[in-house]
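Me: I would like a close look at the empty space inside this protein. Take the enclosed voids as the starting point, then work outward.

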Amino acid sequence: MREYCTQMEAAKKGIITPEMETVAAKENMEVEILREKVAKGEVVIPCNIMHTSISPEGVGSGLRTKINVNLGISGDCKDYEVEMQKVDMAIRFGAESIMDLSNYGKTNVFRTELIKRSPAMIGTVPMYDAIGYLEKDLLEISAQDFLKVVEAHAKEGVDFMTIHAGINRRTIEAFKRDKRTMNIVSRGGSLLFAWMEMTGNENPFYEYFDDVLEILRKYDVTISIGDALRPGCIDDSSDAGQICELIEIGALTKRAWEKDVQVMVEGPGHMAMNEIEANMKMEKRLCHNAPFYVLGPIVTDIAPGYDHITSAIGGAIAAASGADFLCYVTPAEHLRLPDVNDVKEGIIATKIAAHAADIAKGIKGARDVDNRMAKARHKVEWDEMFAIAMDEEKARRYYESTPPKDRHTCSMCGKMCAVRTTNMILEGKKVEFCTEK
Ligand code: SF4
């Protein structure tokens, strides 16, 4: 029997849990420093007591930037096998988190299998599942019904849940007053907004926040407080609705910590590059240094088909400025449910952003792999380069697709390879392009 319900409770009591030991070893950090961060809420270890296959990860300040992969079935695309292929892809490329965003029919069959086999932490948005789980239309769902869905996901072993508790009457007033181009683009946020407007009631996750916390505490589910009013275009970023919701989220963060529930805060969205750093600092300030989980930010709105790139640019800036957790975006964003290849492209783009940010943040050991790559390049050791590459298969395929005559170069410059030329001169050899065979 554990002497604590949550990692945060244990940390506050001075207890070092097996999960803290695992995370500290992965992060190359002293476990006591990690425990202090968990106690203060600066780091979370999302790890539901029912998720037995998990390899725990930490999210928060001083740790490596983590990435999340979204998947799940929709009404138009309900092939469970394809979704499982995406799970395998996420695990193969080292994503630390998978969110099951299924929103069609009985989603728990897929989720149960996912939790059983996934070492990655699993997140959900119970709001997406409410209609399918309860088999009721939105207007017929009661506040208590929403809590039932939260409890069902917690019992299944979900490690963190996006709960849009910050969109209350005050935030809606600010949102309506300060008109927007794209209004609400969060799926869960739009459903809650519709429910609140149609029923005239307060947001149930806000009104019954203490009840939500009781459920989360029991299973040690981390609450990821959703940003229902995240900007959906660069024209809407940093506006009154977004900031008003962030202030509410800051207050909810403290209430969750009082009950020892671990908290992450979700963030934008679409945002011009010059606003990102200030937004990251503001979140940390208003939400008392809780870990920040960002979707994007997508830095320009005109590249459908390439939004893994627009979001990787924003994600790198965000993470270098303090964000702790990046949600991947695929080339299919804004266009369709991603296929397996889209998932791969999204993972790689987001991993690049996270790793580049870790170098900038000065995370211990982050540069080591880059230095190994530089050494392999200096020696023109292709097999070593491929083994280090984030996507070994693609790097090898590209190289082999146009092989150079001399394996100590590539087909870009051939014998005029700058690396080869300089190496030869420094080794005391002569460089003769015309006479060399
Ligand atoms: S041939 Fe050119 S591009 Fe290729 S490894 Fe050498 S310097 Fe780099």
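How many cavities of 30 Å³ or more does the structure hold?

Reply: The model is predicted. The structure holds two cavities of 30 Å³ or more. Here they are in turn, followed by the open pockets.

Start with the largest cavity. About 80 Å³ of space lies in it. Its lining runs through Asp227, Arg230, Gln242, Glu245, Leu246, Ile249, Glu266, Gly267, Pro268, Asn279 and Phe292. Two elements, helix H12 (240-258) and S8, give two or more residues each to this lining. Strand S8 spans 263-267. H12 makes the largest share, with four residues. By type, the lining of the largest cavity has four nonpolar, three polar and four charged residues.

One lining residue deserves a second look. Pro268 lines the largest cavity. A cis peptide bond joins Pro268 to Gly269, with omega at about 15 degrees. Gly269 sits in the loop between S8 and helix H13 (273-286). S8 itself gives two or more residues to the lining of the largest cavity.

H12 has a backbone feature in the loop before it. Ser238 is not a glycine, yet its phi is positive, about 55 degrees. Ser238 is placed in the loop between strand S7 (222-225) and H12.

Now the second largest cavity. About 40 Å³ of space lies there. Gly296, Ser311, Ala312, Gly315, Leu326, Cys327, Tyr328, Val329, Thr350 and Ala353 form the lining. H14, strand S10 (325-327) and H15 each supply at least two of these residues. H14 gives the largest share, three residues. The lining of the second largest cavity divides into six nonpolar and four polar residues, with no charged ones.

A cis bond turns up at this lining as well. Gly296 is one of the residues that line the second largest cavity. The peptide bond from Gly296 to Pro297 is cis, with omega near -5 degrees. Pro297 belongs to the loop between S9 and H14.

Next, the open space. About 1400 Å³ lies in the largest pocket. It is lined by 48 residues, and those closest to its centre are Met373, Ile388, Ala389, Met390 and Asp391. Seven helices are worth marking. Helix H2 (18-27), helix H14 (307-320), helix H15 (340-361), helix H16 (368-378), helix H17 (382-388), helix H18 (392-401) and helix H19 (418-426) each supply at least two lining residues. H15 supplies the largest share, 10 residues. The lining of the largest pocket divides into 27 nonpolar, seven polar and 14 charged residues.

H14 and H15 therefore link two of these spaces: each supplies at least two residues to the lining of the largest pocket, and each does so for the second largest cavity.Where does the largest pocket lie relative to the domains? The domain assignment gives domain 1 (46-361) and domain 2 (368-426). Both domains give residues to the lining of the largest pocket, so this pocket lies between them. The C-alpha centres of domain 1 and domain 2 are 39 Å apart. Seven residues from domain 1 and five residues from domain 2 make the contact.

H2 also supplies at least two residues to the lining of the largest pocket. It packs against helix H3 (residues 31-40) at an angle of about 115 degrees, and the two axes are 9 Å apart. The crossing of H2 past H3 is right-handed. On the H2 side, Met20, Glu21, Val23 and Ala24 take part, and they meet Val31, Leu34 and Arg35 in H3. This contact divides into five nonpolar, no polar and two charged residues.

Last, the second largest pocket. About 1100 Å³ of space lies in it. Of its 44 lining residues, Asn70, Leu101, Arg187, Arg230 and Glu333 are the closest to its centre. Strand S3 (66-71), helix H4 (80-92), helix H9 (187-199), strand S8 (263-267) and strand S9 (292-295) each supply at least two residues of the lining. The largest share, three residues, comes from S9. The lining of the second largest pocket divides into 20 nonpolar, 15 polar and nine charged residues.

Arg230 connects back to the starting point. It is among the residues closest to the centre of the second largest pocket, and it also lines the largest cavity. S8 serves both spaces too: it gives at least two residues to the lining of the second largest pocket and two or more to that of the largest cavity.

Definitions and conventions
Residues are numbered from 1 along each chain as its sequence is written. This is a predicted model: local features need pLDDT of at least 70, side-chain atom pairs count only at pLDDT 80 or more; totals for chains, interfaces and linings use all residues. Side-chain values use heavy atoms; hydrogens and water are left out. On a 1 Å grid over the protein atoms alone, a cavity is a set of points where a 1.4 Å probe fits but cannot get out, and a pocket is an open set with protein on both sides within 12 Å along at least five of seven lines; lining residues have an atom within 4 Å of a point. Grid points are joined across faces, edges and corners, and a volume is the space filled by probe spheres set on the points. Ala, Val, Leu, Ile, Met, Phe, Trp, Tyr, Cys and Pro count as nonpolar, Asp, Glu, Lys and Arg as charged, and the others, Gly among them, as polar. Domain bounds come from an automatic or database domain assignment. Axes are lines fitted to C-alpha atoms, for helices over the stretch in contact, and angles run from 0 to 180 degrees between N-to-C directions. A crossing is left-handed if the near helix is turned anticlockwise from the far one by less than a right angle, and right-handed if clockwise. Contact means heavy atoms within 4.5 Å.
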